[in-house]
Amino acid sequence: MKPHTIWLVIPCYNEQEVLPETSKQLKNIMHGLMEKGKISKKSRIAFVNDGSKDLTWNIISQLHEEDPVFTGINLAHNRGHQNALLAGLMTAKDYADAAVSLDADLQDDVGAVEQFIDKFIEGKDIVYGVRSTRATDTVFKRGTAHAFYKVMKFMGADTLEDHADYRLMSKRALEGLSQFKEVNLFLRGIVPMIGYETDVVYYERHERFAGESKYPLKKMISFAVDGITSCSVKPIRMITTLGMFVFSVSIIMLIYFLAVWVMGKVVAGWTSIVISLWGIGGLILLSLGIIGEYIGKIYMEVKERPRFIIEKVLFKDIE
């Protein structure tokens, strides 16, 4: 059987500290798989530079000059992790039989790449990398991560627990992904919608090799909000349910106060009035905020702005 062409797609933002080691390990993995005959010599390691402010693009360019197994994709502007990843995958779609996406910080176990490819050879179109344990996480991070997946599931988003963006996608799965045109990207929720035959590879996640995390708590919360509002309308339905409940309570209270007034037992209820005003006012503001999130996303979608613009691609064909 003819070896498959596999691309590794790695989004990079200010990764100059980790790139030399990442490229070294990935190069060893790819050349080892080529020697085994599992992948074609046309396979590539594609680093996507997401508008880095350090020497990331210079390092990628140097790697490309030294070995054509490295491909560089330079975005014209910083577009965020999900858009950078999509840019790499859509580029890989035109050259590869399948693409494996992973982060540059070496937290994803690169040794699992061969298992992904084995699953692909067996006929799987999408292979998810799932963490086997969270022993290396702090108690806070472990708790927030589990809470994130539970909230996503409750809100109706179809996500796989303990899976980030370490996955393999076949060419036809990438073709399917290209049909999703939304600007507000949440790939963890979109990929399961594609369908096709899937499988899972379990791996242990390591500590970040070098540099700083690009996902502090503020960005994680923003990412969670984007994920929920991009994949589910359940919050809007919850507002409707809450509105019906408050309306029902108001009808009951109206009947009660009318009965008290008829019996002549009217008592000043300053506390209840204030609590009611603050409670209902808070619910209204919360509801407007949630609706505003969806309106904001509609606003961005109808503009149909490009999700990414590629400035330059470094690629050498190997016969």
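Two residues are taken to be in contact when heavy atoms lie within 4.5 Å. By that yardstick, in this predicted model, 84% of the contacts between residues at least 6 apart in sequence join residues at least 24 apart. The chain is built from ten helices and eight strands. It runs to 319 residues, 42% of which count as buried. As for the outside, about 17400 Å² is exposed, with carbon and sulfur atoms supplying 62% of that area.

Helix α2, spanning residues 56-66, gives a good look at how burial plays out along one element. Its buried residues are Thr 56, Trp 57, Ile 59, Ile 60, Leu 63 and His 64. Looking down the axis of α2, these residues fall within an arc of 160°, so they line one face of the helix. Glu 65 and Glu 66, on the other side of α2, are exposed. The cover over the buried residues comes from several parts of the chain, including the strands β1 (6-12), β2 (44-49), β3 (70-75) and β8 (310-314). Helix α1 (19-36) is also among the elements that cover them.

Over on the surface, there is a nonpolar patch to point out, made up of Leu 242, Phe 245 and Val 249. Together the three have about 250 Å² of accessible area. Phe 245 sits in helix α9, which covers residues 234-262. This phenylalanine has a relative accessible area of 54%, and the cut-off for exposed is over 50%, so Phe 245 counts as exposed.

How values were computed
Residues are numbered from 1 along each chain as its sequence is written. This is a predicted model: local features need pLDDT of at least 70, side-chain atom pairs count only at pLDDT 80 or more; totals for chains, interfaces and linings use all residues. Side-chain values use heavy atoms; hydrogens and water are left out. Buried means under 20% relative accessible area, exposed over 50%, partly exposed in between (1.4 Å probe, protein chains only). Helices (H or I, at least four residues) and strands (E, at least two) are DSSP runs, numbered from the N terminus. The arc is that of the directions from the helix axis to the C-beta atoms. Accessible areas come from the Shrake-Rupley method with a 1.4 Å probe; for residues, only the protein chains shown count as cover. Patches are made of residues with over 30% relative accessible area and no salt bridge: like charges are joined within 9 Å, nonpolar side chains (Val, Leu, Ile, Met, Phe, Trp, Tyr) within 5 Å. A salt bridge is a side-chain nitrogen of Lys or Arg within 4 Å of a carboxyl oxygen of Asp or Glu.
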